[in-house]
Amino acid sequence: MPDVTETRLGVCNICEAICGLEFTLDGDRVTGVRGNPADPLSRGHICPKGVSIGDLHDDPDRLRRPVRRDRVTGEWTEIRWSEALDLVADEIAGAINRHGRDSVGIYLGNPNAHSLGFATHGTAMVKSLRTRNRFSASSVDQIPHQFVASLLFGHQLMIPISDLDRTNFFLVFGANPMASNGSLMTAPDFPQRVRDLKARGGRMVVVDPRRTETARVADEHVFVRPGTDAVVLLAMLHALFEIDGAVRPAAYVDGVERVREAVTDFTPEHAEHISGISADTIRRLTRELAEADGAAAYGRLGLSTQGFGSVCQWAVVCLNALTGNLDREGGVLFTEPAIDFVTTGLIGRGHFDLYRSRVRDAPEYGGELPVSVFAEEIETPGEGQIRAVLTVAGNPVLSTPDGKRLADAFDSLDFMAAVDIYVNETTRHADVILPPTTILERDHYDIVFQGLAVRNTARFTPAVFDKPRGARHDWEIFRDLAARITARLDHQPSRRARLKQRLRLGISPTFAIGMLLRRGGKTTISELRAHPEGIDLGPLRPTLPDRLRTPTKRIDLAQEVILADLDRVRSELAHPTDGLLLIGRRHQRDNNSWMHNVERLTRGRPRHQLLMHPDDLAERGITDGSRVRVASRVGQVEVEVAATDDMMPGVVSLPHGYGHQLPGTRMAGASEVVGVSINDLTDPERLDLSGNAALNGVPVTVDPA
Ligand code: SF4
C-alpha cells in the first residue's frame, strides 16, 4: 500500500485522449487528480471524467468478486474465482460441443480498445473460440473508417490523422472534439489546440446538424440535414474538379479520372436541395480547403453512423488526397508509434465480406458481424443459432439499435456470462459476471491510441495501486478462460496450436510490451519506466508511399465497392426527407453508457432531454420542458424536451448511452441523468454498406406525452 500523501504518475484510459495524470494518494485512496503538465501529448490536460477516476476506483457499485445470478429469484451471490471460471468454461465449451462453434456469441465493448490486457490476451481468447458470431461496439461506431482505410491504404488502422498542431484549415464533419478531445484522432486538450490554430491565423469550420460545443468555438458552423453528408462531400469533390489547378494528388495516387466521372452528377445544386447547405457554401468551402496552406478534412462518428458512412469516409480521404493534403505537414498524416500495429502486423489488415450472417446475409468486416444482427442470430432457430453469449466490457442493450429486443433475446439464451465491473442493463441478463481490476490497479501502455495520435509519443505507466488480494486482471481472466474452455472441447486443437496459445497467454502484458518495444527500436520499457510521463518521438511526418500496405504501394481511389454504392446514394438521397430526424449526441461528462453513477459527473444542469428547435415545438403545440413521446419504426420513449436553436429545424437529438432505469442494475442511482435510451428508437434494419449501424437520421415523430 502506498505511503500517506504519496504522489504517483498514471494515466486515464477512459477515452481516446489518454491523458497523463498525477495522483495524490492517501493510503489506498485517491485524494487528488490533476493533469500531468510533463506529458508530451496531453500537456497537463484533464477533463471532469479524469478528475472522477478515483471515484471509479472506490465505486461501491463496482463488483470485486465474481457473482452468479439465480435464474428464479434474480438474486446475485458472490462465488469463488475457480467456481466462476469453471462454470463459464463448462457452459461455453458445452455449447460448442453440442451445437458447434457459432453457437457462442461474443460482444466486445468499447473499453476493450483501451485495455492493455485485452490487446495482449483478450484478442487471443476470442480467437481461440473460433466463432463467426463476433460483435463489437465498432459496428455502431467506426467500421466505415476501418473499411475505407483497408481499401485505400491496405490496413484497417491506417487512419489519416489531422495534423492539428500545424494545419491552417480544419474542416470537421459530424465530430465534436470539444467534448471528445478527438476520436480516431487522439488530441488531448483539443480546446487549446484550437486556440493555437486560430492564433496562427487558421480557420475551423464545422458541418453538423447541431451547433455542438465544437461548432460554438469554430469560425463557421454550417447546418446539414442528418444522413445527407454523402451528397455534400461528393458535391465538394465535384466542385474541386471545377477549380483550375486544385486537383494535385501525389504521384502514387491512382483512379483520379474515375472519381471525377463518378461525381459528375453530384452537383452542389443537387446537394443544396438534399442537405440544406447552399451550393455557394459548398463551392466556397471546397475552395478554402484547396487553397489553404495545409488543410485537413476530418469526419467522425456522425459521419460514420449514417446510411452512407463508407461513402462519406471515402470522400473525406479523396478530398484530402486530391488537394495534396494527404501525407503533408499541416494536412493529414499517419502516426508512427513505438509499437507499430501497422508495420508489425500486430493488428490484421482488415477484410470485408469473407462470410455473411446466417439470418440476414449481412457481410462481416474484420471478422465481426454487424451488431445490428445480434438479436436475430439469437432468436432464429437453426444450425448456427447463438445459444451462449459472452460479453466483455460492453452494454449493447443501451448502445446498439433496438436494445430492448436484444435484452429479450439475452433472456432466451441457454447461458450468458460477462467480464464486467458492473451489473448493468446488459450484464443483468448474465448467469455469471467476472469482474476484473480497473485502470489504477493495472500497468498501462496504450497500443491503439498512441498509434492514432496527433503527435508521436510513447508512455508506459505502472499500476498506481497494487492488485487487491483476490482480484484478477482482465488478462488473467482471458488466459484462464481460454485454457479452461479449450481443455473441455470434444475436438481438441492440435498440440502445436495449444502450445502456441499457452505461450501467447502465459506472459504478462507488461512483458509483451517490453518485447514489442524492443522490436520497434524506438524506445525500451526501461526508458519508459524511467519516464512515466512519456517520451516525445516528434511531430507527425510524411511516410508515404513506404508505409502503404497495399500490394502495389499505391493508392487507388477508384474502389469498385464504393463507386457501386453511389447508385444507392443517387436513389435514396434523390429527394429531401419530410418530417423529423433523430440524431445522437455526446457530452463531456458522460462516457457512452457508463459513469452515470459517478455523483460528481451528474451534478449541474440536466442533460438527458430531447433537444428540439423552438419552431418545431411551436408547430406541434409543445411547450419547452414538457414531456413528449418520441416514436420511430422500432419503438417509443417518453422524455422531457428542451427548446434550443442549437438544433437545425427538423432535427431532434438525444444523448447516447442513457436509459439507466432498469431494475436489478447497480447503476440506477444517478436519477438525474438516467434519461431514456436512444437505442430504443434506432433501427437495426438501417445499415451502411460496411454493416455499420445508421444511428443518425432516424425518422421519428414527436408528440405531447
Ligand atoms: S479527456 Fe478526460 S476522459 Fe479522456 S483521457 Fe483525458 S481525462 Fe480521461
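The ligand is surrounded by Cys-12, Ile-14, Cys-15, Ala-17, Ile-18, Cys-19, Cys-47, Lys-49, Gly-50 and Asn-181, where a residue is taken as near a molecule if one of its heavy atoms lies within 4 Å of it. Sorted by class, this shell holds 7 nonpolar, 2 polar and 1 charged residues, with Ala, Val, Leu, Ile, Met, Phe, Trp, Tyr, Cys and Pro counted as nonpolar, Asp, Glu, Lys and Arg as charged, and the others, Gly among them, as polar.

The model is predicted, so that local features need pLDDT of at least 70 and side-chain atom pairs count only at pLDDT 80 or more, while totals for chains, interfaces and linings use all residues. Residues are numbered from 1 along each chain as its sequence is written, and side-chain values use heavy atoms, with hydrogens and water left out.

Helices (H or I, at least four residues) and strands (E, at least two) are DSSP runs, numbered from the N terminus. The axes of helix H9 (residues 229–242) and helix H14 (residues 309–322) come within 9 Å and cross at roughly 25°, the axes being lines fitted to C-alpha atoms over the stretch in contact and the angles running from 0 to 180 degrees between N-to-C directions. H9 is therefore roughly parallel to H14, a term for angles under 35 degrees. On the H9 side the contact (heavy atoms within 4.5 Å) is made by Asp-229, Ala-230, Leu-233, Leu-234, Met-236, Leu-237, Leu-240 and Phe-241, and on the H14 side by Val-311, Cys-312, Trp-314, Ala-315, Val-316, Cys-318, Leu-319 and Leu-322. The residues of this contact divide into 15 nonpolar, no polar and 1 charged.

Two residues that are not glycines have a positive phi, as the table sets out.

| Residue | Phi | Loop | Relative accessibility |
|---|---|---|---|
| Arg-43 | about 55° | between strand S3 (29–35) and helix H1 (48–51) | 35%, partly exposed |
| Asp-189 | about 60° | between helix H6 (177–180) and helix H7 (190–199) | 14%, buried |

Here buried means under 20% relative accessible area, exposed over 50%, and partly exposed in between, with a 1.4 Å probe and protein chains only.

Thr-438 lies in the loop between strand S19 (432–434) and strand S20 (444–445), and Thr-438 is buried, with a relative accessible area of 11%. Leaving aside residues up to four places away in sequence, Thr-438 touches His-57, Arg-62 and Ile-421. In another loop, between strand S23 (535–539) and strand S24 (555–556), is Pro-545, and the peptide bond leading from Leu-544 to Pro-545 is cis, with omega near 5°.

Definitions and conventions
Parallel < 35°, antiparallel > 145°, perpendicular 65-115°, else oblique.
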